[in-house]
Amino acid sequence: MSTKKDNFSSSDKFFMKLAINLARSRKGLTGDNPSVGCVIVKNNNIISIGQTGINGRPHAETNAIKNAFQNLSGAKMYVTLEPCNHYGKTPPCTKTIIKSGIKEVIYSIDDIDKKVKGKTIKILSRNKIFVKKGLLEEEVKDLYDSYRINRYYKVPFVTGKIAISKNKLIYSKDIKKITGTISDKLTHYLRFKNDAILVTSQTLNIDNPKLSCRLKGYESFSPKRVILDSKLKINLNSYIFNSIKKNNTIIFYNSLNKSKLKVLRKKGANLVRSKLNSLNNFNLKQILHKLFALGVRNLLVEGGDKITKNMLKERLFNQFYLFQSKKKLSILKEHCFFTSFNILKNRYNNDFKITSKLANDKITIYKK
Ligand code: AOF
Ligand code: ZN
């Protein structure tokens with residue numbers, strides 16, 4: 001049945017929602033390419049589904065067409081993004097769709113890639129395939145937030161994350177954990193969904209973190225480690241130093257410590273010399289552009305107080321996860337306060353904010 005407002009039926013919405021879920025579940029894992037979801041329906045029954053492949057290929061439509069367990073002639077395809085119509089690293093999906101016998105395509109929004117944008121309707125219509133677009137646009141636009149940031153600004157989509165105690169501490173010596181085990185799972189999920197994770201050498205030397213994804217079965221999706229280490233202070237006994245492998249660690253530095261550079265190079269770290277500003281800090285925007293050039297599309301910053309504050313001030317977070325525990329930490333020991341609570345609240349004052357409870361912790365997601 002069609003709703004008056006947008007000419008799409010409730011079953012159209014149902015199938016597109018499924019396509020959106022397929023795309024969402026792979027979001028962050030498709031490298032350069034947007035994560036697309038695709039559902040193929042015949043006589044109102046789902047006969048196939050597809051997602052963009054890990055690292056971006058094959059495309060969702062190709063996967064769905066290949067996976068179909070019935071003849072596709074006369075079928076209807078639902079897809080979150082305009083199917084591509086060009087030869088990139090893979091052939092055009094339009095070609096595969098035309099060949100398959102599918103007779104109707106409903107997609108949500110146009111691709112922003114100039115090679116593709118807006119041409120698909122003409123190509124498919126010319127081949128007698130009926131095409132409609134615009135279904136669940138708002139949800140799909142939100143799905144492609146990182147794709148837009150990547151393509152328009154040539155920087156990674158940046159997620160910030162910090163955990164604070166009831167008395168707003170992010171650290172107190174000898175106490176490793178602030179949040180509970182369920183929150184940890186969310187942290188590891190964020191690591192799974194980002195292709196790189198950034199910390200400063202200060203955090204690295206104090207916490208000796210692993211920075212890996214430790215969700216069972218997803219360990220191989222651990223992000224690349226990015227360390228901001230202007231003076232090359234990284235501790236050579238740290239876990240991160242000892243687990244450097246080719247292509248898993250990028251270190252930004254500004255130091256002439258040749259012996260340390262040699263050790264790090266020998267271990268396989270990707271060393272990037274970068275300028276400091278008058279306050280002896282890196283230019284964070286430059287770092288983001290460099291990371292993009294190195295292939296990073298989704299960056300998680302699990303920083304300490306200073307880097308978090310600087311990134312907030314420069315409006316570099318696209319979204320921010322604040323974990324608040326009910327625990328109070330001791331201020332009698334060496335400790336560190338989170339000093340950006342007000343900046344965070346003010347920065348996102350008029351934007352999207354959602355708060356939920358995870359066991360004893362409160363998680364607030366702020367988003368532009
Ligand atoms: C689709 N379905 O699942 C995705 C698309 O180099 P290629 O051949 O992989 O093409 C890359 C472009 O394809 C990319 O810039 C984007 O416009 C589109 N992504 N298109 O039909 C998909 N991921
Ligand atoms: Zn395609």
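In this predicted model, the shell of residues around ligand 1 divides into eight nonpolar, six polar and five charged members. That shell counts 19 residues, and the closest to ligand 1 are V36, H59, G88, K89 and D113.

Turning from the ligand to the strands, one finds an open sheet built from nine of them, with mixed pairing, in the order β11-β10-β9-β8-β12-β6-β13-β16-β15. The edges of this sheet are held by β11 (270-273) and β15 (352-358), and because each of these has a single partner strand, one side of each is left without a neighbour in the sheet. On average, and with direction ignored, neighbouring strands of the sheet are turned by 20 degrees against each other. Strands of a sheet pair through backbone hydrogen bonds, in either a parallel or an antiparallel manner. Here the strands β9 (residues 224-228) and β10 (residues 249-253) run parallel and are joined by four bridges, and along this pair V226 stands opposite I250 in β10.

The packing of nonpolar residues completes the picture. The largest nonpolar core comprises 46 residues, of which L198, I227, I251 and L299 touch the most other members, while strand β6 (residues 157-164) gives the most to this core, contributing five residues. The contacts of I227, leaving aside residues up to four places away in sequence, are with V199, S201, L204, I234, I240, T249 and I251. Apart from this largest core lies another core, one of 37 residues, which includes I49, I106, L136 and Y147.

Note on methods. Residues numbered from 1 in each chain as written. Chains lettered and ligands numbered in written order. Predicted model: local features only at pLDDT ≥ 70, side-chain atom pairs only at ≥ 80, totals over all residues. Pairing = 2+ DSSP bridges. Helix = DSSP H or I, 4+ residues; strand = E, 2+ residues; numbered from the N terminus. Axes fitted to C-alpha atoms, helices over the stretch in contact; angles between N-to-C directions. Near = placed C-beta within 6 Å. Nonpolar A, V, L, I, M, F, W, Y, C, P; charged D, E, K, R; others polar. Core = buried A, V, L, I, M, F, W, Y, C linked by C-beta atoms within 7 Å. Buried ≥ 20, exposed ≤ 12 C-beta atoms within 10 Å, placed from the backbone. Contact = placed C-beta atoms within 7 Å.
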